[in-house]
Amino acid sequence: MAFEMLTDKLTAAIQKIRGQKTVTEQDLKETLRDVRLALLEADVNFKVVKEFTTKIKERVQGQKIDPNLTAGQYIVKVVHEELIALLGGEQSKLQFSSNPPTVIMLAGLQGAGKTTSIGKLANYLRKNGKKPLMVAGDVYRPAAITQLEVIGKELDMPVFSMGSEVSPVTIAQEAIKRANALLCDTVLIDTAGRLHIDEKLMDELKNIKTAVHPDEILLVVDAMTGQDAVTVAEAFNKALGITGLIVTKLDGDARGGAVLSVKSVADCPVKFVGMGEKLDALQPFYPDRMASRILGMGDVLSLIEKAQEAIDVDSAKRLAESMKHNEFTLDMFLDQMKQVKRLGSLESILSMIPGMGKFSKQFEGVDLDGKEVRRLEAIITSMTPKERQNPRIINGSRRKRIAAGCGQRVQDVNRLLKQFEESKKLMKTMQGMNKYARKGRFKLPFMQ
C-alpha cells in the first residue's frame, strides 16, 4: 500500500507529542529526528529531508501558539502544512487548449507504464466530458501498437495508428488531422520508452514537440524506482520542459519517496497517480489529501468522490434504514461487498477514513476482486434464509454443512462470519460519523 511504511513511522513519531500541552526543545529534537529517519527510509531525497525538517524547526521555535491548540497539536499542524507544500501545495490540473484539440504527449523510460497510462488517462478524460483520441506513437517496442489498440477496444475509444514503419513525428502530425475529422477534443500521444541519456531518441521527442506543439508533456515514472525517478524527471525536464508527472505503481510502493521528492528537486508537479492495474485506477493528485493520508488523518473527500461513482444510492438508503433498527444481515453484507469492491480493497478504503486505520488489520489480505466476492457469495448462498438473517445460530455442525455445500473450508466460513461481525461494528461507527456529518461537515454517500 502506498506510503504504508512512511505513514506508520510518521504517525508513531508525532503521536508522542500530539496531546502534550508543552513541548520541550528535547521533545522537538527527538520528534524531528524520528521524522527525518522516517522520510529517509521512505527514500526521500536527503536535501529535501533536511530542508523539510529545518522549516518545521524554524516555524515551531519561538512562535506564539494558537490558544486553542496544544503545543503538540501545533507541531502536527506545522508538519501537515509543510508536507502539503513539499508535495506541491495546490493541485496541478491539466491545461486544455482554447482551440481544440488539446495535445498531450507522454514520455518516459522503458517499462514505466506509458501505454497503459494513455488508456487510463483517456478513460479519466472521457468521464470528465472529453472525447480523446489515443495515438500509437511507439514504433519501436514490439506489440506496443497492438497493446494500445486492445486498450482502445476495451474502452470503446478511437486509436490512431500508422504502423511501425512511419516516423513518430509524422504519426503525431497526422493524428491531429484525424482528431479534427473525428471531432475529438483531446489527442493523447504515446511515445517509445527511452533512456534519458539516449540523445537520438531524446531528439525524436524534441522533434515531436516542435511538430505538434503539445499543451502538456507528461512524464510517466515508476514509483518503484525510488530516487532514480527524480533523476529521470530532472533529465527529461531539462531536455523537453515537462509540464507534469504521472506516477505509476504507487499502490505497490510502501515508501513513495519519489512523489515526495520530485516537486522540490526537479520542479515538476505530480498531476496523476496510478493506484492499480485497471484502466480506472488513475487519480488526480491532491497534495493536501495525500499529506493527510500520509499522516494517518484520512482522506474523506476522495472517499466521497469514489463512493458517489460506485454506490447505489437506493441500496444505501435501505441499508441505512435497516441499521437504524439494528438490522444487518448477511444478504446486506454481500450486497455491500459487491458495491464496495468498486472502491478498491477494504484496506485502502479504511485508510481514507479518519480513525478507521485500526480496522484495516481485521481485513488484511481481503482484496475484493471478482474472485473474492464470488467466494463470499458461494458461502452465503449455501446458508438457509434463517441463517442469513440471524448468523448467530450458525453453530459448528451448520458451519460444516455450509462449507461442504459451497466447496469451501470451515475456516473460510469462520473467516466470513468474523468479517461480517467486524463490518457490523464498522457500519455502526460510520453511522456515528454520519450524525456528525449532518451538523454541516460532510455527508457520506453510502450512509444517506
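**Exercise 1. Find out whether Phe 46 is buried or exposed, and which patch holds it.**

Phe 46 has a relative accessible area of 54%, so it counts as exposed (buried is under 20%, exposed over 50%, partly exposed in between, with a 1.4 Å probe and protein chains only). Next, place it: Phe 46 sits in helix α3, residues 46-60. Finally, look at its partners: with Leu 37 and Leu 40 it makes a nonpolar surface patch of about 280 Å² accessible area together. Patch members have over 30% relative accessible area and no salt bridge, and nonpolar side chains are joined within 5 Å.

A word on the model: it's predicted, local features need pLDDT of at least 70, and side-chain atom pairs count only at pLDDT 80 or more, while totals for chains, interfaces and linings use all residues. Residues are numbered from 1 along each chain as its sequence is written, and side-chain values use heavy atoms, leaving out hydrogens and water.

**Exercise 2. Work out which residues pair with Glu 387 in salt bridges.**

Start with Arg 398: its side chain meets that of Glu 387 at 2.7 Å, N to O. A salt bridge here is a side-chain nitrogen of Lys or Arg within 4 Å of a carboxyl oxygen of Asp or Glu. Because Arg 398 is in helix α18 (residues 396-406) and Glu 387 in helix α17 (residues 385-389), the pair ties together parts eleven residues apart in sequence. Now try Arg 401: this side chain also bridges to Glu 387, at 2.8 Å, N to O. Last, check exposure: Glu 387 is buried at 0%, whereas Arg 401 is partly exposed at 37%.

How values were computed. Patch = residues over 30% accessible without salt bridge, like charges linked within 9 Å, V, L, I, M, F, W, Y side chains within 5 Å. Areas by Shrake-Rupley, 256 points an atom, 1.4 Å probe, with all protein chains shown as cover. Helix = DSSP H or I, 4+ residues; strand = E, 2+ residues; numbered from the N terminus.
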